[in-house]
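User: I would like to learn how to read the packing of two helices. Please show me with an example.

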Amino acid sequence: MSRVINTDSPGKLRNQIMRTAAEVIRRLSHKTEVDDETRDMVALLIYCFREVSRGIDESVRAWEKRDYWLKAEQFRIKWAWVGQAAADLERIVRTNAWDDLPHTLIGLLPYFEDIKIAKLTRKPGLWQGAYQRLLQENPSTKGSDAV
């Protein structure tokens, strides 16, 4: 019997989600006012960051099995910002504090420095309706999110 190789590893999924988030942040940087598309894009960022945050434990599980505790903890520390970013953006959405959005997005830019975007490949359909989905969920329960 041959070995089964999982091509959808947590790392690959994390890279895809980070690429999506980088493209959305790039598009948001060109916005001059908060409109429906802006709200949808911010909601998609929240979903992206939540998904990355959920994948961190799965990523370090293999290291912990081999007793690489330090490496696992360093990885968790490296990615701790995503949970906070999701919470900050969700606070902006739920309290209508849209004036805080530019400052929050600027604070995220260092985490995307290594992602080079030559061409925008994500279609607007990806974030359409994300704002309404976010508002419909209970703020205390962050269920599964499709990105």
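**Surface, elements and one helix pair**

Analyst: The accessible surface of the protein comes to about 9300 Å², and 52% of that belongs to carbon and sulfur atoms (areas by the Shrake-Rupley method with a 1.4 Å probe; for residues, only the protein chains shown count as cover). This is a predicted model, in which local features need pLDDT of at least 70, side-chain atom pairs count only at pLDDT 80 or more, and totals for chains, interfaces and linings use all residues. Residues are numbered from 1 along each chain as its sequence is written, and side-chain values use heavy atoms, with hydrogens and water left out.

User: How many helices and strands does the protein have?

Analyst: There are 6 helices and 0 strands (DSSP runs numbered from the N terminus: helices are H or I, at least four residues; strands are E, at least two).

User: How is a pair of packed helices described?

Analyst: One gives the angle between their axes and the distance between the axes. Here helix α2 (residues 36–65) packs against helix α4 (residues 81–95) at about 155°, the axes being 8 Å apart (axes are lines fitted to C-alpha atoms, for helices over the stretch in contact; angles run from 0 to 180 degrees between N-to-C directions). Therefore α2 and α4 are roughly antiparallel (an angle over 145 degrees).

User: Which residues of α2 and α4 meet?

Analyst: Contact means heavy atoms within 4.5 Å. Among the residues that meet are Leu45 and Phe49 in α2, and Trp81 and Leu89 in α4. The residues of this contact divide into 11 nonpolar, 2 polar and 2 charged (nonpolar: Ala, Val, Leu, Ile, Met, Phe, Trp, Tyr, Cys and Pro; charged: Asp, Glu, Lys and Arg; polar: the others, Gly among them).

How values were computed:
Parallel < 35°, antiparallel > 145°, perpendicular 65-115°, else oblique.
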